[in-house]
Amino acid sequence: MIERCAAAAPPGQEGQDNYYFDTHSYDLARGQGMLRLRSKGIVILGFKKGREQAGSPGYFDVIEVECEISEELFKEALRAPSILYGQALEPMRVLKKHYGELELSLIGQLNTIRRRRALGGYLLELDEVTYADGGKSYEVEIETEDPEGARRALRDQLESLSVKAAPQHLSKLQGMLVRAGVELPGLPRAS
């Protein structure tokens, strides 16, 4: 299920600064949840909960709720994240439903350059992710109700270009936590 308050951006390219929040003991991440503020000209508050589906490598089935917030609330939330609980915002309502009220803190940041391209009837989001340590990763996202059709179309396109790819098993947040050396059940150890 994807519920969005903000309009989807048209195909093109955009830079995104992503700020992730959790408790000091990573209660959201442990429960397959994520709370993020994304600044990309506008600021989007997003809550996600879900994981990669067993038997479907690279397919993440998630609840995703987003809405736009003001620049002022964004700046205040970076200083005092728990202020978000006092706002009548759908992502916070859904977070509270799943986790209750938590003592939030800013746990990390990453930057993404997102490029959008069409492939058949699918919209691809091609992400270049830069982590705090300067390392990079690349991923292709397709939000779809037809994951197998999307997988076939993407696999065929990549093979025609002689590009080797593998399903991503971690979310961007999980990748950030692994790079930072955070050890949680279900996450690989940093190498």
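## A walk through the model

Start by selecting lysine 75, which you'll find in helix α2. Keep in mind as you go that this is a predicted model. Is lysine 75 buried, exposed or something in between? Its relative accessibility is 45%, so lysine 75 counts as partly exposed. Now add threonine 144 to your selection and draw a distance between the two C-alpha atoms. Lysine 75 and threonine 144 sit 69 residues apart in sequence, and the gap in space is 33 Å.

**Into the core**

Next, select Leu35, Leu37, Leu45 and Ile69. These belong to the largest nonpolar core, a set of 23 residues, and they touch the most other members. Color the elements that give two or more residues to this core: β2 (13-22), β3 (33-39), β4 (43-52), β5 (60-69), α2 (71-79) and α3 (90-99). Which of them gives the largest share? That would be α3, with 4 residues.

Zoom in on isoleucine 69. Ignore its neighbours within four places in sequence, and isoleucine 69 is in contact with Leu37, Val43, Leu45, Phe74 and Leu89. There's also a second core, separate from this one, with 15 residues; try selecting Tyr20, Ala29, Met176 and Leu184, which are among them.

**Over to α5**

Met176 is a handy stepping stone, being one of the buried residues of α5. Show the whole helix, α5 (172-179). How many of its 8 residues are buried? The count is 7, so α5 is mostly covered. Select Lys172, Leu173, Gln174, Gly175, Met176, Leu177 and Val178 to see the buried ones. What's on top of them? The cover includes β2, α1, β3, β6 (105-119), β7 (122-131) and β8 (136-142). Step just past the end of α5 and click glycine 181, where phi is positive, about 80 degrees.

**A pocket to peek into**

Stay around here and turn on a surface. The second largest pocket holds about 200 Å³ of space. Its lining is made of 14 residues, and Gln32, Gln174, Pro185, Gly186 and Leu187 lie nearest the centre. Three elements each supply at least two lining residues: α1 (27-30), β4 and α5. Try coloring the lining by type, and you should get 7 nonpolar, 4 polar and 3 charged residues.

**Two odd backbone angles**

Most residues other than glycine have a negative phi. Here are two that go the other way. Select tyrosine 26, in the loop between β2 and α1. Phi of tyrosine 26 is positive, near 60 degrees. Then jump to serine 162, in the loop between α4 (147-160) and α5. Serine 162 also has a positive phi, near 60 degrees.

Which of these two is buried and which is exposed? Tyrosine 26 has 18% relative accessibility, and buried means under 20%, so tyrosine 26 counts as buried. Serine 162 comes in at 66%, and the cut-off for exposed is over 50%, so serine 162 counts as exposed.

**Last stop: confidence**

Finally, color everything by pLDDT. The protein averages 88, and 91% of the residues score at least 70. Now look at residues 1-10, where pLDDT stays under 50. The model has 19 contacts beyond four places in sequence for this stretch. Where pLDDT is low, the predicted coordinates should not be read in detail.

Note on methods:
Residues numbered from 1 in each chain as written. Predicted model: local features only at pLDDT ≥ 70, side-chain atom pairs only at ≥ 80, totals over all residues. Heavy atoms only, no water. Core = buried A, V, L, I, M, F, W, Y, C linked by side-chain atoms within 4.5 Å. Buried < 20%, exposed > 50% of the residue type's maximum accessible area, 1.4 Å probe, protein only. Contact = heavy atoms within 4.5 Å. 1 Å grid on protein atoms, 1.4 Å probe; cavity = no way out; pocket = protein on both sides within 12 Å on 5 of 7 lines; lining within 4 Å. Points joined across faces, edges and corners; volume = space filled by probe spheres on them. Nonpolar A, V, L, I, M, F, W, Y, C, P; charged D, E, K, R; others polar. pLDDT = per-residue confidence, 0-100.
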